[in-house]
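Work through the exercises below with the structure in view. Each task is followed by a solution in steps.

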Amino acid sequence: MAPLWKAGAAVAALREELSGDVFSPQDAGYDEARAVFNAMIDRRPAAIAQCADADDVVRAVRFARELDLPVAVRGGGHSVAGMATNDGGVVVDLRRMHAVSVDPAGQAVRVAGGATMSHLDRATEPHGLATTGGRASTTGVGGFVLGGGTGWLDRCCGLAVDNLLAVELVTADGERVHASADENPDLFWALHGGGGNFGVATALTLRLHELPEFSMALVLYLPEHGPEAVRTFREVIATGPDEAGGGVIYLTAPPEEFVPEHLVGRLACGALLTYAGSEDDMRKIAQPLLALPHEAEVVGAIPYADLQCMIDDPPGMRNYWSAEYLTGAPDDFVDVFCSLAESVPVPTGTQHVLFPQGGAIAAGPPEYPVPYRDAPWAVHPFGIWEDPADDERCRQWVRDVRAGTRPWSTGAVYLNFIGDEGDERVVAGLGAENTRRLAELKRRYDPDNVFRFNHNITPAGGP
């Protein structure tokens with residue numbers, strides 16, 4: 001690693017070279033620039049390169065390589081483990097690169113590497129088009145897609161990575177490459193779940209789907225009615241079309257207008273049914289959920305991009321998440337899932353979530369490194385809170401959910417849903433044979449493991 005005097009001179013030179021801005025620790029605005037979504041992460045990089053274009057990314061990567069500084073890549077900054085930053089290294093910050101270009105006739109969209117779901121969804125919505133995005137508008141598109149990508153549309157449109165048509169990448173050598181089914185196909189395969197291990201994605205091209213209408217039903221129940229609500233939701237999904245999705249969510253009832261006062265601040269069970277279609281058709285599917293005793297409901301048509309903002313979590317909160325992908329959701333599992341809700345940390349932003357899979361997820365391309373594709377259900381304990389005094393109880397609750405639901409686990413996991421849980425979980429998120437192939441490709445594209453602030457794949461033959 002370069003001595004401090006040399007690093008300081010190099011930062012000054014990088015500032016002259018970049019079209020974007022460069023922040024170092026002594027600069028005004030540095031603390032704002034280094035802050036990430038998870039308030040538990042407090043790291044101090046030596047330089048934050050806020051790149052304006054792909055040429056800036058090339059310069060930033062080469063700068064880091066010349067000084068032998070570690071490199072982190074920031075898109076949305078939503079990594080729960082804080083992988084978008086580091087201590088004493090370089091952050092390649094893509095947030096200024098958020099342009100979205102829609103090709104309505106070709107039903108495709110080119111998304112710059114720093115765009116969020118909101119940038120993507122607001123651009124495609126006027127054309128009646130959409131693609132699978134994350135379940136929050138502030139999530140970065142790049143990390144989400146390259147990590148696999150599950151969201152409200154996945155049962156009808158497939159995982160986000162199933163809709164990936166091309167990636168523009170800056171490699172560890174500071175070279176610009178293009179990956180698609182016809183160009184660098186091995187690299188393109190690796191980018192279907194391998195995350196940021198192979199370079200900096202400066203742009204992605206995604207397939208779009210027609211979505212002229214969207215609707216939803218959110219029904220809140222008292223916790224004692226949770227088991228019946230979960231079983232009913234399970235049957236609604238089993239008998240409904242692939243356009244139906246959503247999840248069951250135990251949460252602290254928020255102080256929203258539609259929530260009765262007696263429920264605010266208390267544990268509630270919510271069934272969210274999303275539907276890629278009309279309100280009339282959605283109401284027919286949702287009827288069994290609405291027929292159960294409930295405390296509140298919101299039912300109607302809603303623009304998909306607006307739904308994406310509904311459960312946005314505010315920045316500055318403390319986060320700890322995990323997940324288990326399941327062989328099924330039989331009655332004995334439902335009993336365990338609901339009993340684990342009794343210890344949800346209340347009142348916090350923590351959510352105890354059960355998501356359905358199936359549909360286009362299960363029917364998607366089997367060759368990609370996404371081994372959780374065949375699981376029909378997923379549990380996602382999503383710890384989010386404000387007070388550091390709650391750190392241990394919230395983290396322990398997440399661990400308890402994993403332990404309690406493990407008897408039904410397939411062993412696979414979606415890596416974007418978890419933090420740093422060790423090498424074995426990375427293999428679980430990619431598949432053992434896929435991991436071996438990915439490690440060979442990592443040796444080809446990043447033999448020095450420059451891009452290691454991620455769910456890391458060690459280059460084959462590496463340490």
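**Exercise 1.** Locate Pro347 in the chain and describe the peptide bond that joins Val346 and Pro347.

Solution. Begin with the place: in this predicted model, Pro347 sits in the loop between helix H11 (331–341) and strand E18 (351–356). Next, take the bond: Val346 and Pro347 are joined by a cis peptide bond, with omega about -5°.

**Exercise 2.** For Asp68 and Asn449, state the sign of phi, then decide for each residue: buried or exposed?

Solution. Step one is the backbone angle. Asp68 is not a glycine, yet its phi is positive, about 55°. Asn449, also a residue other than glycine, has a positive phi near 55°.

Step two is the place. Asp68 belongs to the loop between helix H3 (54–67) and strand E3 (71–74). Asn449 lies in the segment after helix H14 (432–445).

Step three is the accessibility. Exposed means over 50% relative accessible area and buried means under 20%. Asp68 has 55%, so Asp68 is exposed. Asn449 has 14% relative accessibility and therefore counts as buried.

**Exercise 3.** Describe the surroundings of Asp42: which residues does Asp42 touch, leaving out residues up to four places away in sequence?

Solution. Asp42 is in the loop between helix H2 (30–34) and strand E2 (47–50). Its relative accessibility is 55%, so Asp42 counts as exposed. With residues up to four places away in sequence left out, Asp42 touches Arg34 and Asp87. For a distance across the model, take His119: Asp42 and His119 are 77 residues apart along the chain, and their C-alpha atoms are separated by 27 Å.

**Exercise 4.** Find which residues of helix H4 (residues 117–124) are buried, and explain why they line one face.

Solution. The buried residues in H4 are Met117, Leu120, Asp121 and Thr124. Down the helix axis, the buried residues of H4 fall within an arc of 90°, so they line one face of the helix. The general rule is that an α-helix has 3.6 residues a turn, so residues three or four places apart point the same way. Finally, look for the cover: among the elements over the buried residues of H4 are strand E5 (100–103), helix H5 (141–146) and helix H10 (304–310).

**Exercise 5.** Explain why the chain can be called as compact as a globular protein of its length.

Solution. First, list the elements: the chain has 14 helices and 19 strands. Then compare: the radius of gyration is 22 Å, close to the 23 Å from the globule rule for 463 residues, so the chain is as compact as a globular protein of that length. As for burial, 59% of the 463 residues are buried.

Notes:
Residues numbered from 1 in each chain as written. Predicted model: local features only at pLDDT ≥ 70, side-chain atom pairs only at ≥ 80, totals over all residues. Heavy atoms only, no water. Helix = DSSP H or I, 4+ residues; strand = E, 2+ residues; numbered from the N terminus. Rg over C-alpha atoms; globule rule 2.2 N^0.38 Å. Buried < 20%, exposed > 50% of the residue type's maximum accessible area, 1.4 Å probe, protein only. Arc of directions from axis to C-beta. Contact = heavy atoms within 4.5 Å.
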